[in-house]
Amino acid sequence: MATGDVKLLGAGASPYVNRVQIALNIKSENYEFLEEKLGSKSELLLKSNPIHKKIPVLIHDDKPICESLVIVQYIDDVWTSGPSILPSDPYDRAIARFWAAYVDDKWFPLMKELRMAEGEEAKAAAIEKIVEVLVVLEEAFVKCSKGKAFFGGDSIGFLDIAFGSFLGWLKVTEKMGEMRLLSEAKTPNLVEWAERFCCDDAVKDVLPKTEKLIEIFKIMQARAKAPPSN
Amino acid sequence: MATGDVKLIGAGASPYVNRVQIALNIKSVNYEFLEEKLGSKSELLLKSNPIHKKIPVLIHDDKPICESLVIVQYIDDVWTSGPSILPSDPYDRAIARFWAAYVDDKWFPLMKELWMAEGEEARAATIEKIVEGLVVLEEAFVKCSKGKAFFGGDSIGFLDIAFGSFLRWLNMTEKMGEMQLLSEAKTPNLVEWAERFCCDDAVKDVLPKTEKLIEIFKIMQARAKAPPSN
């Protein structure tokens, strides 16, 4: 049984940090949350993650672990008495890792592209690509869930966490753009899954409220558009 | 004990494919190698990896697994009687995954940047960044190896495979550019590790010869610079 001091360097609005919080909650693991302020990096962060200087960083017994999905797998490896996060079957595990990488490398960059898109045409093109990818993830859900509630089966697992952590930001994007990305028409299973995921005990107090993210989104937009200071 | 039909769709010159070959060798798994021709994609590849349409793809009992490091972890999870590829300690495992992601996401893109670089200034700037990255990996080696021969300790492991698979491409780049990237001056441990890695039984018949890669590199350069055909 793993004991010891657990700290998480992060920010509540970061989906990457949320991944780690959800994983710790699944394992019922207590931890100290050290909140980084938006726009600055603490000494501890720079010391714990000198390579990337990014959150989240998990510090377990003074040893730092970086990169959100590496941390989630670490949590699963260490706290073995709690529910499993990675699937037990090696093939299912490989499929979960494949789709988690797809979310990070293919899907989320399209969300950033949409945020930066200028003009209706560019925005529409970005939205179309995002929806195509969501349809791919809808098919992945049907295969992975095998008729159950989550990608991971009866309870949330690695891929639920990897993708679900972005649901707050996905909703913000829909609200700000007055459109739907997830829809009953094209991604009915994901729409229902999203609701179940957000209500899950390990998740519901972690994902930030949409209104809060809208505030942060507006601040970030303002900063991006501000004239350069001399 | 895992039995069953193992096929690997790939190309001998691809470092990503080499990773899988090395992992299968570590586990003494026999497999059928289905070589893709440069510049075309077989029906089987397109069917097995419809999302990315890329090699390597491992097909185990007719089930495809994609993405080289996902495949390597799958191999480690399935063939448990052979030597371990991932470290047994969860923290060491997290560190190995962290650095493997660094190699793929931070370091190797710099190599591609160098191959595309035009002009002495651009080349020199990229070489500097590559060497800085190698110095970081040198420090990682000292920490991970703990005085032993490989990142993985006494025998090659996950991070050796992830990084070592690029060594001949690195060697080719040094020869073509008449310069050194790995050097006794800045990365003495990596220079020695590279030699040990390339001589390892699981590796020595896998990595393509540098001369072969020089040929392939010249073909790729010629294609990239060819005037567009109408």
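A:Arg97 and B:Asp77 form a salt bridge in which the closest N and O atoms are 3.6 Å apart. Because A:Arg97 belongs to helix H4 of chain A and B:Asp77 to helix H3 (residues 68-78) of chain B, the pair joins two chains. The two partners sit in unlike surroundings: A:Arg97 counts as buried, at 10% relative accessibility, whereas B:Asp77 is partly exposed, with a relative accessible area of 23%. The model examined here is predicted.

A salt bridge is also found between B:Arg97 and A:Asp77, with the closest N and O atoms 3.7 Å apart. Here a network comes into view, as A:Asp77, B:Arg93 and B:Arg97 are linked by salt bridges. Between chain A and chain B the count is four salt bridges, and six residue pairs are in polar contact, both residues being at pLDDT 80 or more. On the side of chain A that touches chain B, the elements giving two or more residues are strand S4 (63-66), helix H3 (68-78) and helix H4 (90-116) of chain A. The largest share, ten residues, comes from H4(A). Sorted by class, this side of chain A has 15 nonpolar, three polar and six charged residues.

It helps to look at the interface as a whole. Here, 24 residues of chain A are in contact with 23 residues of chain B. The size of an interface is often given as the accessible area lost when the parts come together. Chain A and chain B bury about 2,100 Å² between them, and 72% of this is on carbon and sulfur atoms. Within chain A, the residues that lose the most area to chain B are A:Tyr91, A:Arg97 and A:Phe98, which together supply 28% of what that side buries. A:Arg97 thus appears both in this list and in the salt bridge to B:Asp77.

Attention now turns to a helix of chain A. Helix H5 (residues 120-145) of chain A has 26 residues, and the distance from its first C-alpha to its last is 36 Å, close to the 38 Å expected at 1.5 Å a residue. Its buried residues are A:Ala126, A:Ile130, A:Val131, A:Val133, A:Leu134, A:Leu137, A:Glu138, A:Ala140, A:Phe141, A:Cys144 and A:Ser145. What do the buried residues of H5(A) pack against? Their partners are H4, helix H6 (158-164), helix H7 (167-177) and helix H8 (188-199) of chain A. Just after H5(A), A:Lys146 takes a positive phi of about 50°.

Salt bridges deserve a wider look, since a search of the whole structure finds 23 of them over all chains. One of them, in chain A, pairs the side chains of A:Lys204 and A:Asp201 at 2.7 Å, N to O. A:Lys204 is partly exposed, with a relative accessible area of 40%, while A:Asp201 counts as exposed at 62% relative accessibility.

In chain B, the side chains of B:Lys175 and B:Glu211 meet in a salt bridge at 3.6 Å, N to O. B:Lys175 lies in helix H7 (residues 167-177) of chain B and B:Glu211 in helix H9 (residues 210-225) of chain B, so this pair ties together parts that are 36 residues apart in sequence. B:Lys175 is partly exposed at 48% relative accessibility, and B:Glu211 is partly exposed with a relative accessible area of 46%.

Methods: Residues numbered from 1 in each chain as written. Chains lettered and ligands numbered in written order. Predicted model: local features only at pLDDT ≥ 70, side-chain atom pairs only at ≥ 80, totals over all residues. Heavy atoms only, no water. Contact = heavy atoms within 4.5 Å. Buried area = accessible area lost by both parts, 1.4 Å probe. Polar contact = N/O pair within 3.5 Å; in protein donor to acceptor, adjacent residues only side chain to side chain. Helix = DSSP H or I, 4+ residues; strand = E, 2+ residues; numbered from the N terminus. Nonpolar A, V, L, I, M, F, W, Y, C, P; charged D, E, K, R; others polar. Expected span 1.5 Å × (residues − 1). Buried < 20%, exposed > 50% of the residue type's maximum accessible area, 1.4 Å probe, protein only.
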